[in-house]
Amino acid sequence: MSHRGKPDAAPLRPAARTRRRGGPGALWVVIVLFASSGLIRIGETAGQALAVSGAPPAVAPLACTPPTDAGAFLAALRIREAAVTERAARLESRAQTIALAQAQLDLKLAELVAAEDRLAATLAIADGATEADLARLVTLYENMKPKDAAALFAEMAPEFAAGFLSRMRPNAAALVLAGLEPKAAYTVSVLIAGRNASAPVE
(Lines give C-alpha, C1' and ligand atoms only; values in the text may rest on other atoms or scores of the structure.)
Protein backbone atom coordinates (compact mmCIF):
# COMPACT_ATOMS: atom_id res chain seq x y z
CA MET A 1 0.00 0.00 0.00
CA SER A 2 2.92 2.36 0.41
CA HIS A 3 3.06 2.28 -3.41
CA ARG A 4 0.26 4.36 -4.63
CA GLY A 5 0.95 3.90 -8.17
CA LYS A 6 0.34 0.20 -8.03
CA PRO A 7 -3.27 -0.29 -6.93
CA ASP A 8 -4.11 -1.30 -10.57
CA ALA A 9 -1.40 -3.96 -10.67
CA ALA A 10 -3.27 -6.28 -8.29
CA PRO A 11 -6.41 -6.67 -10.41
CA LEU A 12 -4.25 -7.54 -13.45
CA ARG A 13 -2.93 -10.72 -11.90
CA PRO A 14 -6.23 -12.56 -11.95
CA ALA A 15 -6.61 -11.67 -15.66
CA ALA A 16 -3.19 -13.05 -16.39
CA ARG A 17 -4.05 -16.17 -14.53
CA THR A 18 -7.26 -16.49 -16.52
CA ARG A 19 -5.34 -16.22 -19.82
CA ARG A 20 -2.91 -18.79 -18.64
CA ARG A 21 -5.74 -21.11 -17.73
CA GLY A 22 -7.61 -20.50 -21.01
CA GLY A 23 -4.46 -20.68 -23.15
CA PRO A 24 -3.86 -24.41 -22.93
CA GLY A 25 -7.55 -25.16 -23.62
CA ALA A 26 -7.59 -23.12 -26.77
CA LEU A 27 -4.38 -24.80 -27.86
CA TRP A 28 -5.96 -28.20 -27.47
CA VAL A 29 -8.95 -27.06 -29.44
CA VAL A 30 -6.67 -25.94 -32.25
CA ILE A 31 -4.74 -29.23 -32.12
CA VAL A 32 -7.96 -31.23 -32.23
CA LEU A 33 -9.19 -29.19 -35.19
CA PHE A 34 -5.91 -29.69 -37.05
CA ALA A 35 -5.97 -33.40 -36.23
CA SER A 36 -9.57 -33.71 -37.37
CA SER A 37 -8.78 -31.87 -40.59
CA GLY A 38 -5.79 -34.10 -41.19
CA LEU A 39 -7.82 -37.22 -40.53
CA ILE A 40 -10.51 -36.02 -42.89
CA ARG A 41 -7.93 -35.35 -45.58
CA ILE A 42 -6.26 -38.71 -44.96
CA GLY A 43 -9.66 -40.37 -45.19
CA GLU A 44 -10.47 -38.64 -48.47
CA THR A 45 -7.04 -39.51 -49.90
CA ALA A 46 -7.36 -43.14 -48.79
CA GLY A 47 -10.86 -43.31 -50.26
CA GLN A 48 -9.61 -41.97 -53.56
CA ALA A 49 -6.67 -44.39 -53.51
CA LEU A 50 -9.00 -47.28 -52.78
CA ALA A 51 -11.31 -46.11 -55.50
CA VAL A 52 -8.41 -45.94 -57.96
CA SER A 53 -6.34 -49.00 -57.05
CA GLY A 54 -7.91 -51.03 -54.31
CA ALA A 55 -11.36 -51.63 -55.75
CA PRO A 56 -11.64 -54.66 -58.04
CA PRO A 57 -12.11 -53.70 -61.69
CA ALA A 58 -15.38 -54.41 -63.32
CA VAL A 59 -15.21 -57.73 -65.25
CA ALA A 60 -16.29 -57.33 -68.84
CA PRO A 61 -18.40 -60.18 -70.24
CA LEU A 62 -16.56 -62.59 -72.56
CA ALA A 63 -17.19 -62.02 -76.23
CA CYS A 64 -18.58 -65.08 -78.06
CA THR A 65 -17.61 -63.95 -81.53
CA PRO A 66 -14.08 -65.05 -82.53
CA PRO A 67 -11.62 -62.42 -83.68
CA THR A 68 -11.11 -61.86 -87.35
CA ASP A 69 -7.78 -63.71 -87.50
CA ALA A 70 -9.41 -66.78 -85.94
CA GLY A 71 -12.09 -66.64 -88.63
CA ALA A 72 -9.45 -66.54 -91.33
CA PHE A 73 -7.66 -69.46 -89.68
CA LEU A 74 -10.88 -71.49 -89.58
CA ALA A 75 -11.54 -70.70 -93.24
CA ALA A 76 -8.02 -71.80 -94.20
CA LEU A 77 -8.46 -74.94 -92.11
CA ARG A 78 -11.71 -75.78 -93.91
CA ILE A 79 -10.02 -75.28 -97.30
CA ARG A 80 -7.15 -77.52 -96.20
CA GLU A 81 -9.59 -80.15 -94.96
CA ALA A 82 -11.48 -80.07 -98.27
CA ALA A 83 -8.21 -80.46 -100.21
CA VAL A 84 -7.14 -83.40 -98.04
CA THR A 85 -10.55 -85.04 -98.48
CA GLU A 86 -10.38 -84.59 -102.25
CA ARG A 87 -6.87 -86.02 -102.38
CA ALA A 88 -7.91 -89.00 -100.25
CA ALA A 89 -10.83 -89.61 -102.63
CA ARG A 90 -8.48 -89.49 -105.64
CA LEU A 91 -6.07 -91.91 -103.96
CA GLU A 92 -8.93 -94.25 -103.10
CA SER A 93 -10.18 -94.15 -106.71
CA ARG A 94 -6.65 -94.81 -107.99
CA ALA A 95 -6.24 -97.70 -105.56
CA GLN A 96 -9.52 -99.20 -106.77
CA THR A 97 -8.43 -98.81 -110.40
CA ILE A 98 -5.09 -100.48 -109.65
CA ALA A 99 -6.83 -103.29 -107.77
CA LEU A 100 -9.21 -103.85 -110.70
CA ALA A 101 -6.33 -103.86 -113.20
CA GLN A 102 -4.39 -106.28 -110.99
CA ALA A 103 -7.40 -108.59 -110.80
CA GLN A 104 -7.78 -108.52 -114.58
CA LEU A 105 -4.06 -109.16 -115.02
CA ASP A 106 -4.20 -112.11 -112.64
CA LEU A 107 -7.18 -113.49 -114.55
CA LYS A 108 -5.40 -113.13 -117.90
CA LEU A 109 -2.28 -114.73 -116.45
CA ALA A 110 -4.30 -117.65 -115.11
CA GLU A 111 -5.95 -118.06 -118.51
CA LEU A 112 -2.54 -117.95 -120.21
CA VAL A 113 -1.14 -120.58 -117.85
CA ALA A 114 -4.18 -122.78 -118.44
CA ALA A 115 -3.83 -122.37 -122.21
CA GLU A 116 -0.13 -123.23 -121.99
CA ASP A 117 -0.94 -126.33 -119.99
CA ARG A 118 -3.55 -127.36 -122.55
CA LEU A 119 -1.07 -126.75 -125.38
CA ALA A 120 1.60 -128.79 -123.61
CA ALA A 121 -0.88 -131.60 -123.09
CA THR A 122 -1.94 -131.41 -126.73
CA LEU A 123 1.69 -131.48 -127.89
CA ALA A 124 2.39 -134.41 -125.62
CA ILE A 125 -0.56 -136.24 -127.09
CA ALA A 126 0.56 -135.32 -130.61
CA ASP A 127 4.09 -136.35 -129.88
CA GLY A 128 2.85 -139.62 -128.47
CA ALA A 129 0.61 -140.16 -131.47
CA THR A 130 3.41 -139.24 -133.85
CA GLU A 131 5.81 -141.53 -132.10
CA ALA A 132 3.28 -144.31 -132.19
CA ASP A 133 2.64 -143.68 -135.88
CA LEU A 134 6.38 -143.65 -136.61
CA ALA A 135 6.88 -146.86 -134.68
CA ARG A 136 4.10 -148.53 -136.68
CA LEU A 137 5.61 -147.31 -139.99
CA VAL A 138 9.07 -148.54 -138.98
CA THR A 139 7.60 -151.96 -138.16
CA LEU A 140 5.75 -151.94 -141.46
CA TYR A 141 8.90 -151.14 -143.47
CA GLU A 142 10.87 -153.78 -141.62
CA ASN A 143 8.30 -156.41 -142.50
CA MET A 144 8.19 -155.47 -146.20
CA LYS A 145 10.30 -157.17 -148.80
CA PRO A 146 13.62 -155.29 -149.07
CA LYS A 147 13.08 -154.67 -152.78
CA ASP A 148 9.63 -153.10 -152.23
CA ALA A 149 10.88 -151.07 -149.23
CA ALA A 150 13.86 -149.82 -151.28
CA ALA A 151 11.49 -148.63 -154.02
CA LEU A 152 9.52 -146.60 -151.46
CA PHE A 153 12.66 -145.18 -149.85
CA ALA A 154 13.95 -144.11 -153.25
CA GLU A 155 10.90 -141.84 -153.59
CA MET A 156 11.42 -140.27 -150.11
CA ALA A 157 13.51 -137.23 -149.37
CA PRO A 158 16.97 -138.29 -148.14
CA GLU A 159 16.43 -136.75 -144.69
CA PHE A 160 13.06 -138.49 -144.28
CA ALA A 161 14.46 -141.82 -145.46
CA ALA A 162 17.42 -141.46 -143.08
CA GLY A 163 15.03 -140.92 -140.18
CA PHE A 164 13.18 -144.14 -140.85
CA LEU A 165 16.29 -146.20 -141.57
CA SER A 166 17.88 -145.03 -138.28
CA ARG A 167 14.87 -146.48 -136.40
CA MET A 168 14.82 -149.78 -138.19
CA ARG A 169 16.68 -152.90 -137.13
CA PRO A 170 20.22 -152.88 -138.59
CA ASN A 171 19.73 -155.99 -140.78
CA ALA A 172 16.45 -154.63 -142.23
CA ALA A 173 17.97 -151.19 -142.84
CA ALA A 174 20.97 -152.79 -144.56
CA LEU A 175 18.71 -154.68 -146.97
CA VAL A 176 16.83 -151.47 -147.85
CA LEU A 177 20.07 -149.55 -148.43
CA ALA A 178 21.32 -152.34 -150.66
CA GLY A 179 18.23 -151.95 -152.84
CA LEU A 180 18.78 -148.20 -153.35
CA GLU A 181 20.86 -146.63 -156.06
CA PRO A 182 24.44 -146.09 -154.92
CA LYS A 183 24.16 -142.31 -154.92
CA ALA A 184 20.91 -142.30 -152.88
CA ALA A 185 22.32 -144.95 -150.53
CA TYR A 186 25.46 -142.85 -149.99
CA THR A 187 23.45 -139.67 -149.23
CA VAL A 188 21.20 -141.48 -146.71
CA SER A 189 24.23 -143.11 -145.09
CA VAL A 190 25.94 -139.71 -144.64
CA LEU A 191 22.80 -138.27 -143.01
CA ILE A 192 22.53 -141.23 -140.61
CA ALA A 193 26.22 -140.96 -139.73
CA GLY A 194 25.83 -137.24 -139.08
CA ARG A 195 22.95 -137.88 -136.70
CA ASN A 196 24.91 -140.51 -134.86
CA ALA A 197 27.93 -138.25 -134.61
CA SER A 198 25.87 -135.55 -132.86
CA ALA A 199 24.34 -138.09 -130.48
CA PRO A 200 25.92 -138.28 -126.94
CA VAL A 201 28.32 -141.18 -126.44
CA GLU A 202 27.15 -141.97 -122.93
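How many aromatic pairs does the structure hold? Three. Here are my notes on those and on the rest of the chain; bear in mind that this is a predicted model.

1. Overall fold. The chain is helical, with six helices and zero strands. Reading along the sequence you get α-α-α-α-α-α. Helix 2 covers residues 68-143 and helix 4 covers residues 158-167, while helix 3 spans 146-155 and helix 6 spans 182-198. Helix 5 takes in residues 170-179.

2. Burial and surface. Of the 202 residues in the chain, buried ones make up 10%. The chain exposes about 16,800 Å², and 66% of that comes from carbon and sulfur atoms. As for contacts, take those between residues at least 6 apart in sequence: 63% of them join residues at least 24 apart.

3. The Y141–F164 pair. This aromatic pair is edge-to-face, with 5.2 Å centre to centre and 85° between the planes. Y141 sits in helix 2 and F164 in helix 4, so the pair ties together parts that are 23 residues apart in sequence. Buried or exposed, these two? Both Y141 and F164 are buried.

4. The F160–F164 pair. F164 also pairs with F160, again edge-to-face, at 4.9 Å centre to centre and with 85° between the planes. Here the partners are both in helix 4: they are four residues apart, so about one helical turn separates F160 from F164. Their surroundings are worth a look too. F160 has a relative accessible area of 48%, which makes it partly exposed, whereas F164 comes out at 3% and so counts as buried.

5. The aromatic cluster. Which residues make up the aromatic cluster? Y141, F153, F160 and F164 form one cluster. F153 turns up again in the next point, since it is among the residues with the most contacts inside the largest nonpolar core.

6. The nonpolar core. In soluble globular proteins, nonpolar side chains tend to be buried together. In this chain the largest nonpolar core has 18 residues, and F153, L165 and M168 have the most contacts inside it. Which elements give two or more residues to this core? They are helix 2, helix 3, helix 4, helix 5 and helix 6. Helix 4 gives the most, with four residues.

7. L165 up close. If you want one residue to click on in the core, I'd pick L165, one of those with the most contacts there. Setting aside neighbours within four places in sequence, L165 touches F153, A173, V176, L177, V188 and I192.

8. A174 and P146. A174 belongs to helix 5. With a relative accessible area of 42%, A174 is partly exposed. Where does A174 lie relative to P146? The C-alpha atoms of A174 and P146 are 9.0 Å apart, and the two residues are 28 apart in sequence.

9. A nonpolar patch on the surface. F73, L74 and L77 form a nonpolar patch there, with about 290 Å² of accessible area together. L77 is in helix 2, and its relative accessible area of 44% makes L77 partly exposed.

How values were computed
Residues are numbered from 1 along each chain as its sequence is written. This is a predicted model: local features need pLDDT of at least 70, side-chain atom pairs count only at pLDDT 80 or more; totals for chains, interfaces and linings use all residues. Side-chain values use heavy atoms; hydrogens and water are left out. Rings of Phe, Tyr and Trp (its six-membered ring) pair if their centres lie within 6.5 Å; planes under 30 degrees apart count as stacked, over 60 as edge-to-face and the rest as tilted. Buried means under 20% relative accessible area, exposed over 50%, partly exposed in between (1.4 Å probe, protein chains only). Contact means heavy atoms within 4.5 Å. Accessible areas come from the Shrake-Rupley method with a 1.4 Å probe; for residues, only the protein chains shown count as cover. A nonpolar core is a set of buried Ala, Val, Leu, Ile, Met, Phe, Trp, Tyr and Cys residues joined through side-chain atoms within 4.5 Å. Patches are made of residues with over 30% relative accessible area and no salt bridge: like charges are joined within 9 Å, nonpolar side chains (Val, Leu, Ile, Met, Phe, Trp, Tyr) within 5 Å. A salt bridge is a side-chain nitrogen of Lys or Arg within 4 Å of a carboxyl oxygen of Asp or Glu.
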